[in-house]
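Work through the exercises below with the model on display. Each task is followed by a solution in steps.

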Amino acid sequence: IDAKTAGGEGKGARWLVATLPGDAAITASFIDSHNRLWIGTTRLGAFCLQGRRLTHPVTEGRVSTFYEDRTKTLWIGTWTDGCYQIYPNGRTERHGLADGFGSDFFRTFCEDNDGMMWMGTANGLVRYNPHTGAKSIYRPDGTPGCLPDKSVWSIAKDRQGTLWIGTYFGGVSYMNPSYQIFRHYRASMADRELTSNVVGRMTEDNDRRLWICTEGGGLNVLDLRTGRFGHAIAFPGNGEPTLNLKSIYFDAGRHALWIGTHLGGLTRIDLTTFEKKNWQYEPGNPHGLPSNIVRDIIGYGPYLIVGTQQGLALFNPDTGRFTQLMAKEHIDYVSSIIIDRHDNLWVATEGKGAYRYNLKTRSMRHYVAAKSPHSIGSDNLNHLFIDSKGRLWIATSGNGILCYRPQTDDFEHYGERQRLVG
């Protein structure tokens, strides 16, 4: 962490303030009322910097946000580890799914005029009374005035005390906390058209149908012969259907689609009968799906390889058994997977670079960002692709694209010098 000022020796002088341990990439930061700097990381929780003293109050988890209420209590949201409530005296409490909050993914916080805490999660809006511990969870239930979408990303309070709630797929809602009736502003979508503008992975089956994953509109199908869309399909979720789809794979041998969802696990659709079967994460099952967030799916002979938010697994569809791959590496946030001509499984991640794992010999190589001009250049990777010549290409987050050079076991970088602007 370095600091920058317009004064000092020359304009824009910088100096080192603190060094975080390990591979702690920063996800969020916040300065509280005591002028302490809070630093959220991808894997190591939250650090607190007061003067030159660095402490580590929250030791694990990916931090999403910080919030300080009127009592000077700090609230820390994480992706998978719930939220932390740190009182002014330093006492810490942790809240999450197991405590009746409906989710372990906390994105945003807001205190209303009555001192109630409103928490936006991936599975609903939570109203929490920090004095009594009472809580209520608001989700879509089909009734007039309900919350339009359970995935809450932002909450703001205006001057009159009205709360404005931003959801991932349901637009913007506003409500008076005293009455808890939601009114909405959202885009309209005509019937028989694409049901969401947020489009993810796509695949074509052998009947000239293009299957389209969306975030918020379920699975869309476009008949390439007529140019018409079919009905959207929702999938099993954590207690209710999910419309947020992350990955798709067409299994020609089984004439089936495999769909990876956000919080809804892995689903198979039989394209002959259109029957669906779903697999979800089971705590304590070593041969189960690693996570309900399935971010990529590829075929490998009669098997599938699935990349999830909590690691990789080889899946046997005939037995329903998942076998963990590279478990000792603790690979999280898999963004893309692909297999090259030499049975190397390439794994792109968000925050830990790339892995090359040979499925025959089980040998492994880990590529991380370094100062070398031919290193991977970034640990945050978005997508993998193998072209017709067998070359591996990697799309990075903020550092251009890379082409793997097997002769030297490194990467050729294409970025701003080659006028690549993305």
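A pocket is an open set of grid points where a 1.4 Å probe fits, with protein on both sides within 12 Å along at least five of seven lines. The model used here is predicted.

**Exercise 1.** Describe the largest pocket by its volume and its lining.

Solution.
- Start with the volume: the largest pocket holds about 630 Å³ of space.
- Next, find its lining, which has 20 residues; Asp104, Leu263, Tyr281, Ser291 and Asn292 are the closest to the centre.
- Then sort the lining by character: nine residues are nonpolar, ten are polar and one is charged.

**Exercise 2.** Which residues lie nearest the centre of the second largest pocket, and how does its lining divide?

Solution.
- The space in the second largest pocket is about 360 Å³.
- Its lining has 19 residues, and those nearest the centre are Glu215, Lys246, His262, Arg295 and Glu350.
- Two elements, E19 and strand E23 (245–251), each give two or more residues to this lining.
- By character, the lining consists of six nonpolar, seven polar and six charged residues.

**Exercise 3.** Place Val198 in the chain and decide whether it is buried, partly exposed or exposed.

Solution.
- Val198 belongs to the loop that runs between strand E18 (183–185) and strand E19 (199–204).
- Its relative accessible area is 36%.
- Buried means under 20% and exposed means over 50%, so Val198 counts as partly exposed.
- On the surface, Val198 joins Trp153 and Tyr168 in a nonpolar patch, and together they have about 260 Å² of accessible area.

Notes: Residues are numbered from 1 along each chain as its sequence is written. This is a predicted model: local features need pLDDT of at least 70, side-chain atom pairs count only at pLDDT 80 or more; totals for chains, interfaces and linings use all residues. Side-chain values use heavy atoms; hydrogens and water are left out. Patches are made of residues with over 30% relative accessible area and no salt bridge: like charges are joined within 9 Å, nonpolar side chains (Val, Leu, Ile, Met, Phe, Trp, Tyr) within 5 Å. Accessible areas come from the Shrake-Rupley method with a 1.4 Å probe; for residues, only the protein chains shown count as cover. A salt bridge is a side-chain nitrogen of Lys or Arg within 4 Å of a carboxyl oxygen of Asp or Glu. Helices (H or I, at least four residues) and strands (E, at least two) are DSSP runs, numbered from the N terminus. Buried means under 20% relative accessible area, exposed over 50%, partly exposed in between (1.4 Å probe, protein chains only). On a 1 Å grid over the protein atoms alone, a cavity is a set of points where a 1.4 Å probe fits but cannot get out, and a pocket is an open set with protein on both sides within 12 Å along at least five of seven lines; lining residues have an atom within 4 Å of a point. Grid points are joined across faces, edges and corners, and a volume is the space filled by probe spheres set on the points. Ala, Val, Leu, Ile, Met, Phe, Trp, Tyr, Cys and Pro count as nonpolar, Asp, Glu, Lys and Arg as charged, and the others, Gly among them, as polar.
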